[in-house]
Amino acid sequence: MTSWNYATIAAHRGGGKLAPENTLAAIDAGAALGHRLFECDAKLSKDGQIFLLHDDTLERTSSGWGVAGDLSWEQLRQVDAGGWFSHRFKGEPLPLLSEVAERCRRLNLQINIEIKPTTGSEVQTGREVALAAQRLWQGMTPPLISSFSIEALAAARDAAPTLPRGLLLENWRDDWVELTRRLECVAIHVWHRDLTAERIAALKAEGLRILAWTVNNPRRAEQLLRQGVDIICTDRIDRIGPDFARQI
């Protein structure tokens with residue numbers, strides 16, 4: 001089992017609300033504030049390249065359109081993934097996971113890679129992302145792999161069993177013990193509004209680390225950390241900074 005040495009604050013989708021999500025510019029924005037741990041979303045192109053994107057489709061966060069997983073990397077690399085956010089980021093490309101690894105190596109950063117498979121590609125995406133993460137982050141803190149998709153997380157477990165895994169819950173599930181044991185997870189990632197003191201205590205008693213998403217209120221972040229949450233994932237990386245936990 002990999003030892004747990006992740007930072008307490010995770011920058012959601014790289015730059016939170018300060019930069020276009022899931023881009024290298026976002027990671028740079030968080031790193032400039034001193035953040036060390038970043039969350040990002042990874043999926044596969046039609047020709048098997050691993051790149052960052054949250055949605056199945058391109059419209060919300062880029063100049064492209066359609067299902068991203070139906071396009072080749074050559075097509076995807078033409079997309080502007082920054083102009084939608086502000087003119088300052090116009091022309092920012094979608095990054096490959098390999099480029100994220102390079103940035104992490106250069107800046108000594110940690111990463112939580114959420115597997116975001118295009119609908120229907122859960123097993124393939126889980127396997128390929130885990131294998132790539134294992135290879136690309138050699139010599140660094142291993143990525144924390146997470147997913148809402150049980151199929152993708154199971155495939156990641158089978159492909160790279162030594163990588164630490166976290167089960168993401170869209171809503172609270174009473175079968176969390178069975179799921180985390182079956183998937184051999186070290187962590188569980190829960191919407192912060194579903195976390196009560198009693199649930200946190202139960203999760204910790206099971207030996208699980210807890211990531212709370214997405215916490216943008218400093219008072220709520222402080223409460224959760226005092227109750228035993230291990231990682232706060234936040235968009236407000238300017239208000240909930242890398243040293244936030246030390247100030248409590």
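Helices (H or I, at least four residues) and strands (E, at least two) are runs assigned by DSSP, numbered from the N terminus. With that naming in hand, select Ser 45, which lies in the loop between β2 (37-44) and β3 (50-52). The model on screen is a predicted one.

**Stop 1: Ser 45 and its surroundings**

Ser 45 has a relative accessibility of 5% and therefore counts as buried. Display the residues around Ser 45, leaving out those within four places in sequence: the contacts are Phe 51, Gly 69, Leu 71, Ser 72, Trp 73 and Leu 76.

**Stop 2: Leu 52 in strand β3**

Move next to Leu 52, which is placed in strand β3. Leu 52 is buried, with a relative accessible area of 1%. Not counting residues up to four places away in sequence, Leu 52 touches Asn 22, Cys 40, Asp 41, Ala 42, Leu 94, Pro 95, Leu 97 and Val 100. For a distance label, pick the C-alpha atoms of Leu 52 and Glu 21: these residues are 31 apart along the chain, and the two atoms are separated by 9.0 Å.

**Stop 3: the loop between β1 and α1**

Asn 22, one of the residues touched by Leu 52, leads to the next selection. Asn 22 is found in the loop between β1 and α1. At 3% relative accessibility, Asn 22 counts as buried. The backbone merits inspection here, as Asn 22 has a positive phi of about 55 degrees although it is not a glycine.

Select Arg 13, which belongs to the loop between β1 (9-11) and α1 (24-32). Its phi is near 55 degrees, a positive value in a residue other than glycine. Arg 13 is buried, with a relative accessible area of 16%.

Gly 14 is likewise found in the loop between β1 and α1. With 2% relative accessibility, Gly 14 counts as buried. Beyond its neighbours within four places in sequence, Gly 14 is in contact with Ala 26, Ile 27, Gly 30, Phe 38, Glu 39 and Ile 237. A second distance label may be drawn from Gly 14 to Ile 111: the two are 97 residues apart in sequence and 9.3 Å apart in space, C-alpha to C-alpha.

**Stop 4: helices α1 and α3**

Show α1 together with helix α3 (residues 97-107); their axes come within 10 Å and cross at roughly 20 degrees. Angles under 35 degrees count as roughly parallel, and that makes α1 roughly parallel to α3. The crossing of the helices α1 and α3 is right-handed. On the α1 side, select Leu 24, Ile 27, Asp 28 and Ala 31; on the α3 side, select Glu 99, Val 100, Arg 103 and Leu 107, and the contact is complete. Coloured by class, the contact of α1 with α3 shows five nonpolar, no polar and three charged residues.

**Stop 5: helices α4 and α5**

Turn to helix α4 (residues 122-136) and helix α5 (residues 150-159), whose axes come within 7 Å and cross at roughly 40 degrees. That angle makes α4 oblique to α5. α4 passes α5 in a right-handed crossing. In α4, select Glu 122, Val 123, Gly 126, Arg 127, Ala 130 and Leu 131, which meet Glu 151, Ala 152, Ala 155, Ala 156 and Ala 159 in α5. By class, the contact of α4 with α5 has seven nonpolar, one polar and three charged residues.

Why is α5 described as largely enclosed by the rest of the structure? Seven of the ten residues of α5 are buried. To see them, select Ile 150, Ala 152, Leu 153, Ala 154, Ala 155, Ala 156 and Arg 157. The buried residues of α5 pack against β4 (110-115), α4, β5 (144-147), β6 (165-169) and α6 (176-182).

**Stop 6: the cysteines**

Finally, how many disulfides are there? With a disulfide taken as a pair of cysteine sulfur atoms within 2.5 Å, the count comes to zero. Cys 104 is in no disulfide, and the nearest cysteine sulfur, that of Cys 40, is 7.6 Å away. Cys 104 has 1% relative accessibility and so counts as buried.

Select Cys 185 last. The sulfur of Cys 185 is 17 Å from the closest cysteine sulfur, in Cys 233, too far for a bond. Cys 185 is buried, with a relative accessible area of 11%.

Note on methods: Residues are numbered from 1 along each chain as its sequence is written. This is a predicted model: local features need pLDDT of at least 70, side-chain atom pairs count only at pLDDT 80 or more; totals for chains, interfaces and linings use all residues. Side-chain values use heavy atoms; hydrogens and water are left out. Axes are lines fitted to C-alpha atoms, for helices over the stretch in contact, and angles run from 0 to 180 degrees between N-to-C directions. Angles under 35 degrees count as roughly parallel, over 145 as roughly antiparallel, 65 to 115 as roughly perpendicular and the rest as oblique. A crossing is left-handed if the near helix is turned anticlockwise from the far one by less than a right angle, and right-handed if clockwise. Contact means heavy atoms within 4.5 Å. Ala, Val, Leu, Ile, Met, Phe, Trp, Tyr, Cys and Pro count as nonpolar, Asp, Glu, Lys and Arg as charged, and the others, Gly among them, as polar. Buried means under 20% relative accessible area, exposed over 50%, partly exposed in between (1.4 Å probe, protein chains only).
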